[in-house]
There are 2 protein chains.
Amino acid sequence: MGTKPVLVVHGGAWAIPDEFGERSIPGIKNAVKSGFAVLEMGGSSMKAVEIAVRALEDDTMFDAGHGAVLNADGYVELDAIIMNGKTLAAGAVSCIRNISNPVTFACSVLEKTPYVMLTGMGANQFAEKLGIPQVPVEELVTDHAKAEWEQYRKYKQTGAQKKVHDTVGAVAIDCEGNVACATSTGGITNKMVGRVGDTPVIGSGGYADNLVGAVSATGHGESIMKVTLARLILFHMEQGKTPEEAADSALHYMEKRVHGRGGVIVISKTGEWTARFTTKRMAWGAIKEGVLMYGLNPGEIIQEIIKPSK
Amino acid sequence: MGTKPVLVVHGGAWAIPDEFGERSIPGIKNAVKSGFAVLEMGGSSMKAVEIAVRALEDDTMFDAGHGAVLNADGYVELDAIIMNGKTLAAGAVSCIRNISNPVTFACSVLEKTPYVMLTGMGANQFAEKLGIPQVPVEELVTDHAKAEWEQYRKYKQTGAQKKVHDTVGAVAIDCEGNVACATSTGGITNKMVGRVGDTPVIGSGGYADNLVGAVSATGHGESIMKVTLARLILFHMEQGKTPEEAADSALHYMEKRVHGRGGVIVISKTGEWTARFTTKRMAWGAIKEGVLMYGLNPGEIIQEIIKPSK
């Protein structure tokens, strides 16, 4: 009781082009405000991270939900996870199709099944049973995603394509001191059908534990999995490192050991938070004690005072 | 160089009935001998764990490959992982159908794609492309699995059904000091179509790291995922615990925190090993320095001197 609520979001860590980066900031601000509004009203960190990630999934600027990148067959396959730090309960979905808000579906897996992870057709069948609307295949596909996919396929022999990893995620602590994380993604452009990245993999794309804190990760999925990045950061924090030290230590280890880069948002059980990355850029935003902070470039923290709603 | 090779296998941790337990021992011995033969000839720990797990997948006594339990729709969906402790490279498959040796397919994911995990239909399409034989649906289904499924569906309202978790796995260290792990399963009887357990989830069903050791886990999949059991054990070992202390500590934490039971086989980077469980029984076997050891009940270690092949 009495913990000051904090919410942090990210919109993916990669070599974000200038124009793309600037255009993602309004979406980041909107998502962090939406999620924080839940916490301010006394809502749970679980609901807050779900709402924040939904906002990012609905925003076509990000590779999750609406706006997700296309796989080798030219359609979207989506992954998501949500985890409750109080109980360690988690819900995850991988390789699902035609669902606008994978994070909300992941919540349903947590709440309505004895399972942690559902995949593919079976997951989609369960969504149908729950009455979760399945949108037409084309609805989640943006012109940008289609253009990127076509360009990738045209130039893939030349090595000129860019690897895009703009997974979205959120971590939060609520006024009862409960932490949570959520992560959602469309994966990587032209990925093999059936490829699952780190996002829905517990301990890799996200982990939350009230005894330590919560993490949402983004970046090169296979590298993140090889080092179980989210869990690794929390182990460092258990050993006494601050969120920033733990994040930097784990991200540098990932780069050294498996040559992969990425970014993370981290929150501790006492509400300390950080957003760190080894990629060129990561779009992130946070709200704590009436201040909205956000950034895109290394070391950048832009502050805006926002009025508390009460 | 010069490390004494060790191989450990398990055939699942659960309330194994007497008759079932006795009948699983020959399969355990066969698997551990098959895998150890690879190490004795100077082969890699990766090849050794693959061969050992293949032997268990081919044995209808175990819930993996041939003999896997049936899902809610009455067919098998298989999960597997293999991980190389030298490079942290891993290959995993989830929810695949009609493939006799998921562990070997997981090897192909590691060797022939830039990915760690493939799932469902996309994974099966890739298997077809590789020429991995897809067996008829019925071929992997045993009379026992069918009878158990029918009994489950008949009595599921009464709570009389037994939960069966006989995942198989192996960990090894080769003469070059490289560790590896592999785990394979059919999951749990009458599981929802699309349910993915801990087995193919890196850090949960298995993890291998030359700097520490390797683990293969079995038991209540959702609990194992919530505590990322394999990685947790290796973190304890990094902090100075022996494999046995680390395994017991993590298994008891899992029981206390999320009320789940299971079993693990663990090997350290110096070839120390253990087989520990909090379930009623776990079938396991190990070979080190010319001695075959195996057991089924808590505290039980039966030894047989085997002649080294050279």
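Me: Which residues of strand 13 of chain A are buried on one side, and which on the other?
Reply: Happy to help. In a regular strand the side chains alternate between the two faces of the sheet. In this predicted model, A:Val291, A:Met293 and A:Gly295 are buried on one side of strand 13 of chain A, and A:Leu292 and A:Tyr294 on the other. Buried means under 20% relative accessible area, exposed over 50%, and partly exposed in between, with a 1.4 Å probe and protein chains only. Strands are DSSP runs of E of at least two residues, helices runs of H or I of at least four, numbered from the N terminus.

Me: Why is strand 13 (residues 291-295) of chain A said to be largely enclosed?
Reply: Because 5 of its 5 residues are buried, the rest of the structure largely encloses it.

Me: In what sense does strand 13 of chain A pair with strand 14 (residues 302-305) of chain A?
Reply: Strands pair if DSSP finds at least two bridges between them. These two are antiparallel over 4 bridges, with A:Ile302 as the bridge partner of A:Tyr294. Strand 12 (residues 281-288) of chain A also pairs with strand 13 of chain A in the antiparallel sense, over 5 bridges.

Me: How do I read helix packing?
Reply: Two packed helices are described by the angle between their axes and the distance between the axes. Helix 2 (residues 45-58) and helix 3 (residues 102-112) of chain A pack at about 145°, axes 8 Å apart. Axes are lines fitted to C-alpha atoms over the stretch in contact (heavy atoms within 4.5 Å), and angles run from 0 to 180 degrees between N-to-C directions.

Technical notes. Residues numbered from 1 in each chain as written. Chains lettered and ligands numbered in written order. Predicted model: local features only at pLDDT ≥ 70, side-chain atom pairs only at ≥ 80, totals over all residues. Heavy atoms only, no water.
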